[in-house]
Amino acid sequence: MMSTLVFFLWALTAVAPPVQPFLQKTCLKCHGPDKQKGGLRIDTLAADFNDPKAAELWGKVLDQLDAGEMPPEDEPRPTKAAVARTVAWINQGLARTSQRQVLRRLNAAEYRNTVRDLFGIDTTLFNPAESFPGDGADHGFDTVGQDLVTSDFLLEQYLAAADRVMDKVVKPGPAPRSTKRVFSAASFRDDNTETMRTPEHIDMVSRYQTGRVFLTDLTQGVGHDGEYVIRITAAAINRTGHPYSVAELDVDPTEPARLNVFLGTEARGKLDRPQPEEQLAARLDIADGEPRVYEIRTWMDADATPMLMYHNGPLRTAKLYKVVANHLPASDGDKKRKVDFRADRSTRALYLGPRLRVFSVEIEGPIAASWPPPAHVRVFGAQPPRKLDVGYATEVLTRLARRAYRRPVTAQEMKPIAALVGRKLGQGLGFHDAIRFGLKAILCSPKFLYLRERGNEGTLDQHELAARLSYFLWSTMPDDELLAAADRGELANRETLIAQTRRMLADSKVDGFVTNFVGQWLRLRRLNEMPPDRTKFEMYYYDVLDQNMAQESYLFFRHLLEQNLSIANFLDSDFTFANKRLARLYGIDGVSGDAFTKVALKPEHRRGGILGQASVLTVTANGIETSPVVRGVWVLENVFGRPPSPPPANVKALEPDIRGATTVRDQLEKHRSVEACQSCHRKIDPYGFALENFDPVGAFRARYDSKRPIEAGATTPDGHTFKDIVELKQILVAQKDDFARCLTEKLMVYATGRPLARGDRPAIAELIAQAKERGYGLHDLVLQIVESRAFQTK
Amino acid sequence: MHLGRRQFIRGAGVLLALPRLEALAGPKMPPRRLVVIGLDLGLNPVNWFPKAAGRDYALTPLLQPLARHRNDFTLFSKLDHPDISSGHFGTPAFLSGVLPSGAKRRKDGNISLDQRAAEAVAGQTRFTSIHLGMSERSGGMCWTRAGVPVPTVWNPRAVFDSLFHDDSATVRKARATQLDANRSVLDVVTQDARSFARGLGHTDRQKLDEYFTSVRGVEQRIGIARRWLGRPKAKAPGGGPELSPGWANAETIIPLMYDLLALALETDSTRVATLQFENTQAQPELPGVTQGYHLLTHHGQLKERLDQLFLVETFLTEQFARFLDRLKQGGLLEQTSVLYGSGLGNGNSHSSRDLPMLLAGGGFKHGQHLVYPKEGGRATPLCNLYVSVLQRFGIPVEQFGTSTGALDGLA
């Protein structure tokens, strides 16, 4: 009865595969009309490998058969020959598939960098892509053409962004007059719990987030883009010689008081606290005692304004006044009770600890040397002709378009844009107002916004290859040297291509690759999506751990890249990068200062590799508690490159109970006794268990909050037993070929801008074999990718 | 002043267009409105869902604040989105039933309920739709047809000003100039796009269609903006509120956000509005609440957290009841379908099954607790409710998101 029903349904699918009997007998019980375990139904799956969705699902079937995972152990085993026949059939079908790159537009990060390099404007603080909607990254990276959508909303943002860029670039006329403005204590922010203001000065008492000092008369910014000199009169008070202990204040008496000078904008939020994007213009060591003047010179955008912060100050005053009370003599019982900086301001005088005192801030600029701005000169030339007519406009626009479109342009294609400017001139608009229309059109043209990769007969042309290379290694447009090499057709020459790649990897713009690739591979971009609880993990905020954690991961990747070290270091390493604050989280002694240094690791630190990095451990938690499932899935996705299927919809989710009677592990053991859960969770949970020794911000812990001890040992799905993360990492290093495949696939997707198809597998296997031979160096791996056919074809 | 013939015709065209535009909105049928209140972190199911189905269910603790509206709303149990299997995707799929990542394979993408409704009334009011949140972390609940999240506004002052504050003549003139400039730039880049398309293969051309569609979309929006630019905004009583936005002012901000929603509807500034209480670690400033909202939903059965969570959810529901009071008093509730619910079924377990959902107003017959038993392990799609809501809004849809039809039992 059953089988007739099944057979009937098979007949309905358009194309029935020749291996139908095998699938029917082996798979349909769980993946057919009655059940669809893992969401997979095979009887309705078309044998059409040109359908990307079907090909993807067939690929999954192939993986399961290949790995011997399916059918599950308790089901009848098919013969080896039957499996081999089916595997061969799927392989054959899939080998013909290879996805081509789909026309892709710049993502937000690339847009920002490209505008920076196209005009030579400072984008440290200025972000023309700020209000762009989030880029799609369904395949893990926002470089994949098919996932990057253009919408009317985005196009509106392009129009607005072009206006903002033009405001910075088109700067005719005389230089704005340089002014010197002095801000005394009267114009500093009003005092709050973390600051104390007098008519003469303001004291910053803590390093708490809302304790920043800003200038109430300058919240709209300095008014003009340009170089400015900022002079701050400041002194450190009571840094030593106070009655409080190091632990009570959480300060380091061996360090001078440090003043952070941030630049921010009111448009991005309140100026008394960290902004989503801000610039650290300087970190100044402030001398004790008499006030001195500290001078910095910095670029400031028109809307930028300074925010000052006591970088290494004590904890927030809500804690300090308890410290103050504790130090009052016992006879002062009454007073002791009443110390409260907020409720009774007079009690603030009782605080004898460190303060950073600022007397005045002077801002001078914009300094004339930066006029006309370099961006204006770049577009209009150092010596524009006397007659500013449409001919000259066309020349300016053509010169820009050649770089904006990353290829030579024809006079013909410039005509509509030049004609628009001509019309505007005809309507009586001034030259610079009229040419803005043309510049704006270039910035909103698909020729600028999209990377054209026609790939005639598959192979990218020289300019297309140059663009692919620069967006891979720099996340920005090709520079003049690379464009010139493309003009001369030299990138077809292997040696030149390799030499260019080496040059680009050595350039500081490689930061674009490091932050965008690592930020998405390790998901560091999402670090503050679920930020840690403010009371439970307060040090995360005091020590700006989010930034410090991410920094470690970026530096680590960059170091492997620069030194061509083995990618096995991602699995385990005897070094990492840390500053004092991160080292404190890790319990590593002997690291001082705010700057990151290379730190040697011992096994007892339990760090090393990405699985020891707090960034990864934090982003895989929800800011409150950890889940072995979430972390286990992360490991499968990002270390093995084999994400598990989503959980079936009809299984009741785990209901966490942290009262102490059970642990999450007990609950998961129970969960795994449910047959529907077991097949995936036996693969997921072991890796998560190994990471349970790290709390939601990545600090080591031996016990849960409930005091129950943590068991970190488990057995991997392929049968290796480990007792903790240290042993697990040894197992992972021994299996580094799996990781090599995972990382290579991810780099390939990022670099080519297309998802991989099964047809790519042989090429990738070949690439990995070569990398292995060469010792798995990261620099080598990147070179090999550039040399690969997949990279050089559409 | 001499008017050229061309200019005259253009001017007359605008004049003629006006009454027609108003006729579209139509005085005969009262305009339909839609409001969605979304709670990213859900509602503790133990305190929300009544046991009994039908009209005589006993009010649960979280429904107590809504007791006076009992006959103004319908409560649903066991509805959810069949394709969504993890709570993490609750909010992005809440109003569409579709994950952003799965959108491209569908004809209508992952367009959310509010945007589907807004499309149909674009241009009829100054704002096609408005979207409020509590902080910069809000967003990701409403999605356009192209799969783009619709941005939210969370500063009450900014909301008030854009609704009711007329810009100066200078600002309006500058805005008009900018809109016209954008139009002329779009004309040129469209030509540019055509020459760009010539060298491309089939798939790439298809992809480039997104660009052409976007140009048409922006042109349409410029048209609407240009039309409304010349008309004075609606007048609201009082001045703009001066309050710092955010959860730290929850006790005053939340009622204010509801008031702004009500004002926007009462002045017919928009017909579609959403308010999102987004996932936040912030501690809502409410009596008795000392911990972050997100932490409270991960209560792990700790009594202290459960108690505080109850305080937060009670407050949110009380304020929702106050909003219904106002719509009802102003006679708007009958024309306004108001949804209150979440894409998260249970915050503690991160489940996206059995979503809390309530529908008030809209001219439906209310007063019931409708329970949808699962047939063969499949729940009734929440999108069926959305089909019913869209139909009531005046859009004759048969299907939306993952729906299998309109919702049974709702009339």
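## Starting with one strand pair

Let's begin with a small detail: A:V213 sits opposite A:L308, a residue of β10(A). This is a predicted model, so everything here is a reading of a prediction. The strands β5(A) and β10 (residues 305-310) of chain A run antiparallel and are joined by two bridges.

Step back, and that pair turns out to be part of an open sheet of four strands in chain A, in the order β5-β10-β7-β8, with antiparallel pairing. Which strands stand at the edges? They are β5 (213-214) and β8 (279-286) of chain A; each has a single partner strand, so one side of each has no neighbour in the sheet. As general background, strands of a sheet pair through backbone hydrogen bonds, and they can do so in parallel or antiparallel fashion.

## Chain A as a whole

Chain A holds 31 helices and 16 strands. Its C-alpha trace spans about 90 × 85 × 45 Å along the principal axes. How does that fit with the chain's length? For 794 residues, a compact globule would have a radius of gyration near 28 Å, and the 31 Å of chain A agrees with that.

Of the 794 residues in chain A, 44% are buried. If you look at contacts in chain A with a separation of 6 or more, 71% of them are between residues 24 or more positions apart.

## Chain B as a whole

Over in chain B there are 11 helices and nine strands. The radius of gyration of chain B is 23 Å, and the globule rule gives 22 Å for 411 residues, so chain B is as compact as a globular protein of that length. Taken along the principal axes, the C-alpha atoms of chain B fill a box of roughly 75 × 55 × 40 Å.

Buried residues make up 48% of the 411 in chain B. Among the contacts in chain B with a separation of 6 or more, 69% link residues 24 or more positions apart.

## Where the chains touch

How many residues of chain B are in contact with chain A? There are 48 of them, and they meet 49 residues of chain A. On the chain B side, α6 (169-198), α7 (202-229) and α9 (293-297) each supply at least two of the touching residues. Sorted by class, that side of chain B has 17 nonpolar, 25 polar and six charged residues.

## The nonpolar cores

The largest nonpolar core has 290 residues, and A:I442 and B:L261 touch the most other members. Setting aside neighbours within four places in sequence, the contacts of A:I442 are A:L397, A:L400, A:A401, A:A404, A:I417 and A:F448. There's also a second, separate core of five residues, including A:F49, A:W58, A:I90 and A:L94. In soluble globular proteins, nonpolar side chains tend to be buried together.

## A closer look at A:R665

One more stop: A:R665, which lies in helix α25 (residues 664-672) of chain A. Is A:R665 buried or partly exposed? It has 19 C-beta neighbours inside 10 Å, and being buried takes 20 or more, so A:R665 counts as partly exposed.

Leaving out neighbours within four places in sequence, A:R665 is in contact with A:F689 and A:E711. By contrast, A:M539 is 126 residues from A:R665 along the chain, and the C-alpha atoms of the two are separated by 27 Å.

Note on methods
Residues are numbered from 1 along each chain as its sequence is written. Chains are lettered from A and ligands numbered from 1 in the order in which they are written. This is a predicted model: local features need pLDDT of at least 70, side-chain atom pairs count only at pLDDT 80 or more; totals for chains, interfaces and linings use all residues. Two residues are in contact if their C-beta atoms, placed from the backbone, lie within 7 Å. Ala, Val, Leu, Ile, Met, Phe, Trp, Tyr, Cys and Pro count as nonpolar, Asp, Glu, Lys and Arg as charged, and the others, Gly among them, as polar. A nonpolar core is a set of buried Ala, Val, Leu, Ile, Met, Phe, Trp, Tyr and Cys residues joined through C-beta atoms within 7 Å. A residue is buried if 20 or more other C-beta atoms lie within 10 Å of its own, exposed if 12 or fewer, and partly exposed in between; C-beta atoms are placed from the backbone. The radius of gyration is taken over C-alpha atoms; the globule rule is 2.2 Å times the number of residues to the power 0.38. Two strands pair if DSSP finds at least two bridges between them.
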